Structure formats: structure tokens, C-alpha cells
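Me: I would like to go through the charged pairs of this model with you, asking each time what the label rests on.

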Amino acid sequence: MRLLLAEDERYLSCALCEILSKQKYEVDPVYDGQSALEYIRSGLYDLVILDIMMPKMDGITVLQKIRSEKNPVPVLMLTARD
């Protein structure tokens, strides 16, 4: 299963990639919302993990854009917000 991890905090991204890789997932990290959108549009991913607060484009906007394009990829939202 191939995952896209969109998380701008590199330390957290590396930790999550390591954990997921140990569980036999293929993980591609990106660090901003615009990159996440471009990668999602490639159609290569079985699941996307999106941070809500990212530079260039927030995760909610990324999700709105892919859904408006009828992209059905499952998305898990990641946040540190209250």
C-alpha cells in the first residue's frame, strides 16, 4: 500500500515515515499543501495523510480541491489543533 504523508514539521514527518515503513507501507513525504495536491493528482496513492496546517495551502483546502475534482482517494486528517 502506497501512502502520501503531507506534514510540514520534518521531525514529525520522519518519525511517521519510519513507523509506517516498519509496518510495510511505502510512504512518500511532502512538506507543503501545494506539493501534496500535485502528488495526489498523480493517482499513485492508496491513502493520503494530510496535516491541516501547512504552508502554501492548508490541508482542508487540499481536500476540498481533490474532492471537487472527484478524486476518491481516502484521506486521514492530521492535526495538533484543539
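Me: What makes Glu18 and Lys22 a salt bridge?

Reply: In this predicted model, the closest N and O atoms of Glu18 and Lys22 are 3.5 Å apart, and because the rule asks for a side-chain nitrogen of Lys or Arg within 4 Å of a carboxyl oxygen of Asp or Glu, the pair qualifies as a salt bridge. Both residues belong to helix α1 (residues 10–22), where they are four residues apart, about one turn of the helix.

Me: Why is Lys22 called exposed, and why is Glu18 called partly exposed?

Reply: The word exposed is kept for values over 50%, so Lys22, with a relative accessibility of 59%, earns it, whereas Glu18 has a relative accessible area of 47% and therefore falls in the range between 20% and 50% that is called partly exposed.

Me: How do you know that Asp32 counts as buried, and which residue does Asp32 pair with?

Reply: Buried means under 20%, and Asp32 has a relative accessibility of 11%, so the term applies. Asp32 forms a salt bridge with Lys56, the closest N and O atoms being 4.0 Å apart. Lys56 lies in the loop between β3 (47–51) and α3 (59–68), and Asp32 in the loop between β2 (26–30) and α2 (33–40), so the pair ties together parts that are 24 residues apart in sequence.

Me: What makes Arg41 and Glu69 a salt bridge?

Reply: Their side chains meet at 2.5 Å, N to O, and the limit is 4 Å, so the pair is counted as a salt bridge.

Definitions and conventions. Residues are numbered from 1 along each chain as its sequence is written. This is a predicted model: local features need pLDDT of at least 70, side-chain atom pairs count only at pLDDT 80 or more; totals for chains, interfaces and linings use all residues. Side-chain values use heavy atoms; hydrogens and water are left out. Helices (H or I, at least four residues) and strands (E, at least two) are DSSP runs, numbered from the N terminus. Buried means under 20% relative accessible area, exposed over 50%, partly exposed in between (1.4 Å probe, protein chains only).
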